[in-house]
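Hello,

Here is the structure I said I would pass on. Please take a look, then read the notes below it.

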Amino acid sequence: MSECLIRPLVAADLPAVLAIEIRAHAFPWTPGILEDALRSGYYMVVMEQGGTIIGYGVVQVILDEGHLLNITIDPALHGKGMGRELLAHLIDYAQNTTATLFLEVRPSNKRAVALYQAVGFNEIGLRRNYYPAVGGGREDALLMAMAF
Ligand SMILES: CC(C)(COP(=O)(O)OP(=O)(O)OC[C@H]1O[C@@H](n2cnc3c(N)ncnc32)[C@H](O)[C@@H]1OP(=O)(O)O)[C@@H](O)C(=O)NCCC(=O)NCCS
């Protein structure tokens with residue numbers, strides 16, 4: 001398998017990113033959210049393998065706080081270490097530009113929670129009824145942080 005490349009996300013990448021977003025999330029970001037994020041100057045990267053986009057990540061910086069808003073790998077490629085590699089890149093960026101990196105995650109997203117814990121994020125709180133849930137109702141968000 002060829003090496004992965006991580007590079008800045010540009011507008012021309014949005015259709016490919018959106019296609020993965022829809023496959024990977026029960027409640028995907030809309031095209032408008034992605035376009036707004038790009039316009040807002042968030043740190044956005046795509047991960048490519050052999051010229052194909054296989055994942056992407058978004059970090060918003062507010063003063064000395066980083067917020068990991070999205071990290072997604074194409075579902076066809078989950079469990080192969082790509083998410084860990086992409087997350088390491090985003091942490092490295094946050095470490096160079098912020099004092100703390102925050103994120104929210106659904107407690108039911110066991111794979112993501114395990115990955116965040118494995119790389120050193122700590123649970124710092126719970127936001128009650130933060131997310132819409134599959135089948136109706138709401139789901140809490142686990143708030144996690146990594147201080148540098
Ligand atoms: C979360 C996500 C980015 C992880 O990417 P990935 O490429 O599948 O993950 P990796 O293969 O790099 O695995 C990293 C870690 O995840 C955990 N993990 C991987 N597969 C797992 C599984 N089947 N069950 C539980 N934990 C698992 C492990 O801690 C693993 O570490 P290890 O390799 O030392 O065992 C990816 O699953 C994804 O895009 N999910 C959908 C979008 C999403 O939920 N994003 C996060 C929202 S907050």
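The ligand comes first. The model is predicted, and 20 residues surround the ligand in it. His78, Gly83, Arg84, Ala114 and Leu115 come nearest.

Three elements each supply at least two residues of this shell: strand S4 (65–73), helix H3 (82–97) and helix H4 (110–119). H4 gives the most, with six residues. By class, the shell has nine nonpolar, seven polar and four charged residues.

Next, a helix pair. Helix H1 covers residues 14–24, and helix H2 covers residues 31–39. Their axes lie 10 Å apart, and the packing angle is about 130 degrees. An angle between 115 and 145 degrees counts as oblique, so H1 and H2 are oblique to each other. The crossing of H1 past H2 is right-handed.

Which residues in H1 and H2 meet? On the H1 side they are Leu14, Val17 and Leu18. On the H2 side they are Pro31, Leu34 and Glu35. This contact between H1 and H2 divides into five nonpolar residues, no polar ones and one charged.

Last, Leu34, which is found in helix H2. Is Leu34 buried or exposed? Leu34 has 23 other C-beta atoms within 10 Å. The cut-off for buried is 20 or more, so Leu34 is buried. Leaving aside neighbours within four places in sequence, Leu34 is in contact with Leu14, Val17, Leu18 and Trp29. Leu34 and Ala11 are 23 residues apart in sequence. In space, they are 9.4 Å apart, C-alpha to C-alpha.

Best wishes

How values were computed: Residues are numbered from 1 along each chain as its sequence is written. This is a predicted model: local features need pLDDT of at least 70, side-chain atom pairs count only at pLDDT 80 or more; totals for chains, interfaces and linings use all residues. A residue is near a molecule or strand if its C-beta atom, placed from the backbone, lies within 6 Å of it. Helices (H or I, at least four residues) and strands (E, at least two) are DSSP runs, numbered from the N terminus. Ala, Val, Leu, Ile, Met, Phe, Trp, Tyr, Cys and Pro count as nonpolar, Asp, Glu, Lys and Arg as charged, and the others, Gly among them, as polar. Axes are lines fitted to C-alpha atoms, for helices over the stretch in contact, and angles run from 0 to 180 degrees between N-to-C directions. Angles under 35 degrees count as roughly parallel, over 145 as roughly antiparallel, 65 to 115 as roughly perpendicular and the rest as oblique. A crossing is left-handed if the near helix is turned anticlockwise from the far one by less than a right angle, and right-handed if clockwise. Two residues are in contact if their C-beta atoms, placed from the backbone, lie within 7 Å. A residue is buried if 20 or more other C-beta atoms lie within 10 Å of its own, exposed if 12 or fewer, and partly exposed in between; C-beta atoms are placed from the backbone.
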